[in-house]
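User: Hi! I'm new to protein structures and would like to learn how to read one. Could you walk me through it?

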Amino acid sequence: YGVNFQVVSIVTMLFEPTTKALMAKFGGLTSTAYYEMASRMVSQVRALLVSANQAMVPQVAELHENEPEQISKVYSDSYRIVFFLALLLFVGVALVVPLMSELWIGHYEKTFVTYSILLIAGLWLNTLSGPAYFVNLGTGLLRWNTLAHVTIGILNVILGYSLGVVLGGEGVALGYVLALVIGSSLVILGYQRDHQIPLAELLPSESRRLFFSCCTGLLSTWAVFRFLEVPQNVLGKTGLSLVICTIVIGPAFWMHSLRARITSLSLAAFYK
C-alpha cells in the first residue's frame, strides 16, 4: 500500500510541471499563462466535489473490515450523486468561461476559452472516477489507481509533445486532457470490471434525461456565440446563454430524483 501510494504521489507531482514545460516550449509564455489561469479555475471548482468525496475513504475502510458486502451500494450511491452534481457544476462553469475571460483578461480571449473548455471536459470525466478511486483507497487495492497515474504521466509526455509539434499550445492541452481521460477511465472501468458492474451504469438511468438536456443546452449556447450578432458584448451573450440553458435544463433538474434527496440532506445538516 505504501509503495503504491508513494508512486502515485511522485507521478502526480510531475503532471503540472511537465505540461507547463511543454506548453512553454510549443505555445510560448502567453499560452502558458492562459493555461495556468484556466487550470486554476477549473481545478478549484473540481476540488469542491473531490474534497467532499474523500470523506467516503474511512467509511469504506470500516465497511471493508466489518460489512464488505455494503461497499458496492456505497459506491453506487456515491457515483450517482457525483455524476449528478458534476454534470451541473461543470456545465455551469462552461457557460461562464467567456465572462471570466472578460473579467480576468479584459476581453474575450480565445486561447483562454479553448483551454478552459478542454480542461472542463477532461476534469469532468476525471471527477467521475472519484468514487472508484476512493473506494480503492479505502479497501487498500491500489492497482488501478497506480496504473492510472503512471498511464497519465507517460501519455501526457507522449501526446503533449506529439500534438504540441502539430498544434502548438492547444495540442499540449489536448494531449494532457486525452491522457487524463484515458488514465481516469482505467480506474472506473477496472473497478466496474472487477465487481461485475454493467457499463450501462456509467450513465445512471435517473440522470440520462438531465445528461441529454445539458448536451442540448450547451449546443444551444454554442449556437448563440457562433451565429448571433446581438447582443454584441460578452455579458449579454452570457446572460442569454444562461437563460437558454435554464429553460432547457431546468425541467430535467427539477424532476431529478436526487434533487429532493440532496436538498433534504443539506437542510438537515444545516439545521443540525
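User: Where do I start? What share of the residues in the protein is buried?

Analyst: Welcome! Keep in mind that this is a predicted model. A residue is called buried when its relative accessible area is under 20%. Here, buried residues make up 42% of the 272 residues. The accessible surface of the whole protein is about 14,000 Å², and carbon and sulfur atoms hold 68% of that surface.

User: How many helices and strands does the protein have?

Analyst: Count the elements, then read them in order along the sequence. This protein has 10 helices and 0 strands, which gives the pattern α-α-α-α-α-α-α-α-α-α. With a radius of gyration of 20 Å, close to the 19 Å from the globule rule for 272 residues, the protein is as compact as a globular protein of that length. Along its principal axes, the C-alpha atoms fill a box of roughly 60 × 45 × 35 Å.

User: What do contacts tell me about residues that are apart in the sequence?

Analyst: Contacts show which parts of the chain meet in space. Among contacts with a separation of 6 or more, 76% join residues 24 or more positions apart.

User: Can we look at one residue? Is Asn53 buried or exposed?

Analyst: Asn53 belongs to helix α1, which covers residues 2–53. Its relative accessible area is 10%, so Asn53 is buried. Leaving out residues up to four places away in sequence, Asn53 touches Ser78, Val82, Gly130, Pro131 and Phe134.

User: And which residues does Thr19 touch?

Analyst: Thr19 also lies in helix α1. Beyond residues up to four places away in sequence, Thr19 touches Tyr35, Asn156, Val172 and Tyr176. Its relative accessibility is 0%, so Thr19 counts as buried. There is a polar partner as well: a polar atom of the Thr19 side chain lies 2.9 Å from the backbone oxygen of Phe15.

User: Where is Thr114, and what does its side chain lie 2.8 Å from?

Analyst: Thr114 sits in helix α4, residues 110–128. A polar atom of its side chain is 2.8 Å from the backbone oxygen of Lys110. Thr114 is partly exposed, because its relative accessible area is 22% and the partly exposed range runs between 20% and 50%. To link sequence with space, compare Thr114 and Ala173: they are 59 residues apart along the chain, with 9.2 Å between their C-alpha atoms.

User: What about the loops? Where does Met255 lie?

Analyst: Met255 lies in the loop between α9 (234–254) and α10 (257–271). Its relative accessibility is 53%, so Met255 counts as exposed. In sequence, Met255 and Leu210 are 45 residues apart, while their C-alpha atoms are 9.2 Å apart in space.

User: I've heard of backbone angles too. What is phi of Gln196 near?

Analyst: The general idea is that most residues other than glycine have a negative phi. Phi of Gln196 is near 55 degrees, a positive value in a residue that is not glycine. Gln196 is found in the loop between α7 (169–194) and α8 (208–227). Gln196 has a relative accessible area of 73%, so this residue is exposed.

User: One last feature: how many positive and negative side chains are there?

Analyst: For charge, count each set and then compare where their centres lie. The protein has 16 positive and 14 negative side chains, with 5 Å between the centres of the two sets.

Methods:
Residues are numbered from 1 along each chain as its sequence is written. This is a predicted model: local features need pLDDT of at least 70, side-chain atom pairs count only at pLDDT 80 or more; totals for chains, interfaces and linings use all residues. Side-chain values use heavy atoms; hydrogens and water are left out. Helices (H or I, at least four residues) and strands (E, at least two) are DSSP runs, numbered from the N terminus. The radius of gyration is taken over C-alpha atoms; the globule rule is 2.2 Å times the number of residues to the power 0.38. Buried means under 20% relative accessible area, exposed over 50%, partly exposed in between (1.4 Å probe, protein chains only). Contact means heavy atoms within 4.5 Å. Accessible areas come from the Shrake-Rupley method with a 1.4 Å probe; for residues, only the protein chains shown count as cover. Lys and Arg count as positive and Asp and Glu as negative; His and the chain ends are not counted. The place of a charge is taken as NZ of Lys, CZ of Arg, CG of Asp or CD of Glu. A polar contact is a pair of N or O atoms within 3.5 Å; within protein, one must be able to donate a hydrogen and the other to accept it, and residues adjacent in sequence count only if both atoms are side-chain atoms.
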